[in-house]
Amino acid sequence: MIDAEKLLPGDLAEHRKKVKDRLRNFRIDPLTLDLYRLVREIDDQDPDLMSVEETGTLLAIEEGLSAFFALFGHLENLLEIPALRADAARDRKLLEHRLTFASLHALFAAASIIAGKTAPIREGLPREEVRSWPLDLESVEVDANEIRTFNNVVSRFLVDLCEKKPDRSRVVTCSADFVCLTHDFFREMAERCTRLSQSYLDLRPVVENRHFLFDGVSVSGFTLQIEDPESVAVSGETFEQMVGNREMKTSLLGVADKILLYDTRTRRNPAKELGDFARTILLYGRPGTGKTMAISALIHELTARAKKLDKPFRAVLIGSDVKDKYFGESVKNLKRKLSELERGDRICLVAIEDIDLMLASRDDVNVNAADKDLLHELMNSLEGVASRDLGNAAIVATTNDIKGIEGALAERLQENPLEVRGPETAEDFAALFRIKLRRGFAPEDGGVGGYIRVPDKGSRRNPGWREIGQACLEYGFTGRPVKNICKRLMTVAGEFRMPEEVYALEGDQCVERLRSLYRPIDGAAVLAEVERYRTHSQAHEKAMREERIRSRKESLINELRASRLAQEELRKE
Ligand SMILES: Nc1ncnc2c1ncn2[C@@H]1O[C@H](COP(=O)(O)OP(=O)(O)O)[C@@H](O)[C@H]1O
Ligand SMILES: [Mg+2]
């Protein structure tokens with residue numbers, strides 16, 4: 001572990017002064033630019049005032065760039081550069097190699113910090129103000145001299161910030177633009193550093209096992225730790241926690257095995273050369289059978305194994321909420337990400353949740369024409385990924401309604417449908433209860449609480465897991481009801497007021513005392529909750545059905561009224 005905490009705060013203050021001075025008087029011949037003034041002038045309504053977003057973004061830039069110098073100094077020591085310097089005449093090349101690497105990693109960390117700190121600011125902007133910037137930073141050079149590297153990056157950033165349109169009006173016109181440009185610029189920069197680090201496989205281990213913690217942003221090796229705002233949170237559930245669905249599990253793990261063979265350096269996947277394998281998969285099945293869970297589990301699996309193999313991996317998640325949440329700049333963002341995949345420098349999983357809903361939204365009256373075009377384009381680029389990839393990408397889509405999907409992408413997905421059936425036997429359900437209630441089991445059964453007291457096989461009066469599983473099967477449950485029931489059971493078991501003395505206890509003693517407070521749950525209690533859920537959901541379904549009929553009736557009546565009115569109008573004419 002780097003002593004990041006020890007290294008940074010003191011050092012940073014000093015570097016920060018230096019950074020501020022440079023940003024205030026930055027020479028790009030024949031001009032001297034002042035970042036702070038530039039930002040104040042973006043919005044010329046009031047040139048003395050800065051918006052909260054502008055201030056936050058400037059602070060992020062200052063912090064990131066100070067960390068650049070602080071970390072560079074630290075890396076010099078780690079890479080034994082002082083010793084090499086003393087003997088520079090002997091091995092100039094080696095010295096340069098290491099210095100450039102130090103620049104590269106320090107720049108990666110700086111860019112990650114800036115991108116990480118501006119991500120929430122960008123998230124908070126009104127949707128219509130968010131833009132993404134087409135950037136090509138390939139020409140920005142990373143140098144053995146850290147000041148030169150700093151200058152290269154900052155001058156490119158300032159030039160982008162000052163850019164004018166052909167009519168000489170500014171490209172950046174409001175503080176939201178500044179936030180988005182800064183975020184995109186440094187994010188792209190961080191990604192570029194990751195790509196460049198491929199040429200330093202000898203030195204990468206030096207930074208790979210270290211964690212550089214910086215106020216909410218964590219940098220480890222060349223992995224960027226900021227969450228994509230687009231990516232839907234994944235639940236953290238794994239294949240071990242999944243019951244049933246054996247065929248699907250095997251298939252998905254098989255795809256994982258194969259795309260992990262992809263080599264980013266040679267851009268080849270031997271598995272593809274030996275015989276093409278299916279990389280576009282459609283998971284279909286009733287709601288609550290574990291489709292979303294499967295995606296979460298697959299991402300978990302791929303992330304862990306890619307890390308072990310030291311291969312870059314990225315998950316791109318596209319949800320049905322694309323039409324509410326992502327329009328339209330973010331759809332462009334998604335498209336940009338997809339086009340990145342085609343460069344083949346990382347292994348990738350594209351997950352499309354509830355694809356039927358997304359495809360349906362193309363005909364939705366609520367989506368305007370421009371947005372529809374974008375969605376259409378998104379589908380096309382997905383289709384592009386599906387047909388042209390190098391063996392580095394897999395696409396997994398989910399749907400509750402396999403018949404509801406059409407279009408080129410859908411057809412490709414239909415080639416490889418996998419039914420997700422969820423728990424299918426009484427034993428499956430029993431196993432699912434055991435997984436979900438694990439913590440409530442006694443320690444000898446792998447739990448902690450010991451308040452779940454249900455036998456495997458029971459009787460009428462005290463049902464066991466077998467009877468409970470049987471009931472779930474009869475009621476046509478999927479995994480989701482069981483999950484909800486278990487949550488409820490745990491809540492009920494823990495419903496008691498906490499005696500004051502518990503707070504005075506520590507560690508195991510506290511756990512021990514707490515354990516005695518939980519209310520025991522027996523088979524009858526579990527079964528009662530199963531019944532309750534069923535009654536409840538039947539009532540719910542009935543209400544839903546009635547609501548559907550009511551609204552259908554209403555719209556029929558409206559149509560009728562409208563056509564009658566039209567007829568009357570015609571008659572008058
Ligand atoms: N086969 C399963 N095994 C274990 N848990 C399941 C299974 N199916 C569903 N669940 C539970 O139900 C929850 C909801 O399932 P989800 O994956 O969202 O269903 P869907 O198929 O509608 O996407 C999951 O988070 C999980 O806890
Ligand atoms: Mg789902």
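Reader: In β8, which residue is the bridge partner of cysteine 348?
Author: Happy to start there, and do keep in mind that this is a predicted model. Strands β7 and β8 run parallel and are joined by five bridges. Within that pairing, the partner of cysteine 348 in β8 is alanine 393.

Reader: And in which strand does the bridge partner of arginine 314 lie, and which residue is it?
Author: Look at β6, residues 313–318, which runs parallel to strand β7 (residues 347–352). Six bridges join β6 to β7, and isoleucine 318 stands opposite isoleucine 352 in β7. For arginine 314, the partner in β7 is cysteine 348.

Reader: How many of the residues of β7 are buried?
Author: In a regular strand, side chains alternate between the two faces of the sheet. On one side of β7, Ile347, Leu349 and Ala351 are buried, and on the other side Cys348, Val350 and Ile352 are buried as well. Both faces are therefore covered, and β7 is largely enclosed by the rest of the structure, because the buried count is six of the six residues.

Reader: How many residues of β6 are buried?
Author: Strand β6 is also described as largely enclosed by the rest of the structure. That follows because the buried residues number five of the six.

Reader: Is threonine 399 buried or exposed?
Author: Threonine 399 lies in strand β8, residues 393–399. Its C-alpha is 8.6 Å from that of proline 287, although the two are 112 residues apart in sequence. Because threonine 399 has 26 C-beta neighbours inside 10 Å, and 20 or more is the cut-off, it counts as buried.

Reader: What about glutamate 247, buried or exposed?
Author: Glutamate 247 sits in helix α9, residues 246–259. The C-alpha atoms of glutamate 247 and glutamate 419 are separated by 8.6 Å, with their positions 172 residues apart along the chain. Because glutamate 247 has 12 C-beta neighbours inside 10 Å, and the cut-off is 12 or fewer, it counts as exposed.

Reader: Now to the ligand: which elements give two or more residues to the shell around ligand 1?
Author: The shell holds 21 residues, and the closest are Gly290, Lys291, Thr292, Met293 and Gly479. The elements giving two or more residues are α11 (291–309) and α19 (479–493).

Reader: Which domains each give at least three residues to that shell around ligand 1, and how many of its residues are charged?
Author: Domain 2 (239–419) and domain 3 (426–533) each supply at least three residues. By class, the shell has six nonpolar and eleven polar residues, and the charged ones number four.

Reader: Which elements are among those that cover the buried residues of α18?
Author: Helix α18 spans residues 465–474, and its buried residues are Trp465, Glu467, Ile468, Gly469 and Cys472. After α18 comes glycine 476, with a positive phi near 70 degrees. The cover over the buried residues includes α17 (426–436), α19 and α21 (523–572).

Reader: Before I set anything up, what is the average pLDDT of the chain, and where does pLDDT stay under 50?
Author: Of the residues, 88% score at least 70, and the chain average is 85. Over residues 227–233 the pLDDT is below 50, with eleven contacts in the model beyond near neighbours in sequence. Where pLDDT is low, the predicted coordinates should not be read in detail. Another such stretch, under 50 and with twelve contacts beyond four places in sequence, is residues 1–7.

Definitions and conventions: Residues numbered from 1 in each chain as written. Chains lettered and ligands numbered in written order. Predicted model: local features only at pLDDT ≥ 70, side-chain atom pairs only at ≥ 80, totals over all residues. Helix = DSSP H or I, 4+ residues; strand = E, 2+ residues; numbered from the N terminus. Pairing = 2+ DSSP bridges. Near = placed C-beta within 6 Å. Nonpolar A, V, L, I, M, F, W, Y, C, P; charged D, E, K, R; others polar. Domains from an automatic or database assignment. pLDDT = per-residue confidence, 0-100. Contact = placed C-beta atoms within 7 Å.
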